[in-house]
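User: Please take a close look at one part of this protein for me. I am new to this, so explain each term as you go.

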Amino acid sequence: MELYHASPTAGLTVLRPSRTEFFGKPKQVCLTSLKPMALLYGIKHFEYTYGYTKNRELYYEEYFPNALEELYRGRSASLYRCAWREGMETTQIPNEYISAEEVAVEEEVLVPDVCEALLEQERLGALRIVRWPELPEKTRDWIRRVQMEEILGAELPEQAESPRARYMQEKYPESWEMALEEKKEEKDESSK
């Protein structure tokens, strides 16, 4: 079975276990059997907004207007092809495999523009891209609430100048304001 891993770092011959800063996963190598899923990880940022339909079809959902273009356009990556080997495990995420050990790279393919590669996967029918204007207002409200909870849970208002806090302020201004209002209400309530 072929597995894929994408990274903004070119020239890797071995994938070494590492820990992701924001997702609470253990030190491991993450791979997938789906090329478009790997491509979504071709850039490093604070969120990966993909999921699966009831039919287990992969989709990417824009959580803010023009997210696909803003995050992926003009950014290059390397798509690494690896072979499944004994000791790899599946996770609760469909098509995801992990390894606690190093994984040898069998092939590296340069992806000059990750956005174009994702759009090609959409044209091939391997990925559904749900753009912001297509999202129902109910879904947009849910996204705003989830991002507000993320802001509060990570205590980002207290670290307003950190890269992650600046990202959330820029991409989710409504959620940021909701989080600040929530903090203000909590403070007012505790001072009574």
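The request and the answer follow.

User: Which residues of helix 3 are buried, and what do they pack against?

Analyst: Some ground rules come before the helix. This is a predicted model, where local features need pLDDT of at least 70, side-chain atom pairs count only at pLDDT 80 or more, and totals for chains, interfaces and linings use all residues. Residues are numbered from 1 along each chain as its sequence is written, and side-chain values use heavy atoms, with hydrogens and water left out.

Now the setting. The protein has 6 helices and 11 strands. Both are DSSP runs, numbered from the N terminus: helices are H or I with at least four residues, strands are E with at least two. The C-alpha trace spans about 60 × 35 × 30 Å along its principal axes. Of the 192 residues, 41% are buried. Buried means under 20% relative accessible area, exposed means over 50%, and partly exposed lies in between (1.4 Å probe, protein chains only).

Helix 3 covers residues 114-123. Its buried residues are V114, C115, A117, L118, L119 and Q121. An α-helix has 3.6 residues a turn, so residues three or four places apart point the same way.

What do the buried residues touch? They pack against helix 1 (35-40) and helix 2 (67-72). They also pack against strand 6 (77-83), strand 10 (107-111) and strand 11 (128-130). Contact here means heavy atoms within 4.5 Å. Across the protein, take the contacts between residues at least 6 apart in sequence: 70% of them join residues at least 24 apart.

Next, the two ends. At the start of helix 3, a side-chain oxygen of D113 comes within 2.9 Å of the backbone nitrogen of C115. After the helix comes G125, with a positive phi near 85°.

Positive phi also turns up elsewhere. Most residues other than glycine have a negative phi, and most peptide bonds are trans. N66 is not a glycine, yet its phi is positive, about 65°. N66 sits in the loop between strand 5 and helix 2. Helix 2 is one of the elements that the buried residues of helix 3 pack against. N66 is partly exposed, with a relative accessible area of 44%. R56, also not a glycine, has a positive phi near 65°. R56 lies in the loop between strand 4 (50-52) and strand 5 (58-61). R56 is exposed, at 58% relative accessible area.

Technical notes. Polar contact = N/O pair within 3.5 Å; in protein donor to acceptor, adjacent residues only side chain to side chain.
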